[in-house]
Amino acid sequence: MKDRELTQQKILQAVDNIIANGGFERLGVNAIAQKAGVSKMLIYRYFGGLDDLIAQYLLSKDYWANTDIRAIDGADVAGSLKRMFREQIIQLRNDVTLRRLCRWELTTDNENIRQLRDLRERNGCELIKAVSGFTHSHHTEVAALATILSASISYLVLIEEQSPTYNGINLRSNEGWEQVVKGLDLMIDLWIKQVDELTNGQVNQLTD
């Protein structure tokens, strides 16, 4: 089993290298086998074929599909949310393959992609449900906030290579992204403050 796991990792790493250097259009069983230094029969044996291999690779790279619900600390929801969105920024900015994956997904629609989107959706809804429970907020409110923040991050990271600035913020500098992070933190803090004020108001009404 250990040898199989090592071989699978070599194959997945080969997929990563090919995408990083040439894009998804360069992917093929022969190219992956050559890059990994394995027989192409192992790709079929371990993954079932190219489509299944790509699906497993995509799943391993997607941020929100792999975010554990245990990352949310009920005693510090604001801090947990800030850390999660910072991690999204760090992962996207530091991983050229993941950025190419995101762009490729925007123009692709097949069964493997739909399965990835379904998994991401289910996991995202579980995260939203957890935040809603901890803050006693309606899930539609949490979903709207999470959608705006996560989608904004994705868009800004993906546009960085084509457009270096956005509203005067330098997207190619760490200082520019610190400015973005401060804005995200502010929105989260203001939302948590509103939640606390509503909760305290309801408590006061019950005790009057």
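**Aromatic pairs, core and burial in a predicted model**

By the ring-pairing rule, the count comes to three aromatic pairs. The model is predicted.

Trainee: What geometry do Tyr-63 and Trp-64 form, edge-to-face or stacked?
Mentor: Their ring centres lie 4.8 Å apart. The planes stand at 80 degrees. Planes over 60 degrees apart count as edge-to-face. So the pair of Tyr-63 and Trp-64, at 80 degrees, is edge-to-face.

Trainee: Which cluster do ring pairs build with Tyr-63 and Trp-64?
Mentor: Tyr-63 and Trp-64 are both buried. Ring pairs link them with one further ring. That ring belongs to Phe-85.

Trainee: Where do Tyr-155 and Tyr-166 sit in the chain?
Mentor: These two tyrosines form an edge-to-face pair, 6.0 Å centre to centre with 80 degrees between the planes. The pair links distant parts of the chain, eleven residues apart. Tyr-155 is in helix H8, and Tyr-166 is in strand E1.

Trainee: Why does Tyr-155 count as partly exposed?
Mentor: Buried means under 20% relative accessible area, and exposed means over 50%. Tyr-155 falls in between, so it counts as partly exposed. Its relative accessibility is 44%.

Trainee: And what is the value for Tyr-166?
Mentor: Tyr-166 also counts as partly exposed. Its relative accessibility is 35%.

Trainee: Is Glu-160 buried or exposed?
Mentor: Glu-160 lies in the loop between helix H8 (139–159) and strand E1 (165–166). Its contacts beyond four places in sequence are Arg-93, Leu-171, Arg-172 and Trp-177. Its relative accessibility is 15%. The cut-off is under 20%, so Glu-160 counts as buried.

Trainee: Which helix gives the largest share of the largest nonpolar core?
Mentor: Nonpolar side chains tend to be buried together in soluble globular proteins. Here the largest nonpolar core has 57 residues; Ile-11, Leu-27, Ile-32, Leu-53, Leu-58 and Trp-191 touch the most other members. The largest share of this core is eight residues, from helix H9 (residues 174–207).

Trainee: Which residues does Leu-27 touch, leaving out those up to four places away?
Mentor: Leu-27 is among the core residues that touch the most other members. With sequence neighbours up to four places away left out, its partners are Val-15, Ile-18, Ile-19, Ile-32 and Ile-54.

Trainee: What share of the contacts join residues at least 24 apart?
Mentor: The chain holds nine helices and two strands. Take its contacts between residues at least 6 apart in sequence. The share joining residues at least 24 apart is 63%.

Technical notes: Residues are numbered from 1 along each chain as its sequence is written. This is a predicted model: local features need pLDDT of at least 70, side-chain atom pairs count only at pLDDT 80 or more; totals for chains, interfaces and linings use all residues. Side-chain values use heavy atoms; hydrogens and water are left out. Helices (H or I, at least four residues) and strands (E, at least two) are DSSP runs, numbered from the N terminus. Contact means heavy atoms within 4.5 Å. A nonpolar core is a set of buried Ala, Val, Leu, Ile, Met, Phe, Trp, Tyr and Cys residues joined through side-chain atoms within 4.5 Å. Buried means under 20% relative accessible area, exposed over 50%, partly exposed in between (1.4 Å probe, protein chains only). Rings of Phe, Tyr and Trp (its six-membered ring) pair if their centres lie within 6.5 Å; planes under 30 degrees apart count as stacked, over 60 as edge-to-face and the rest as tilted.
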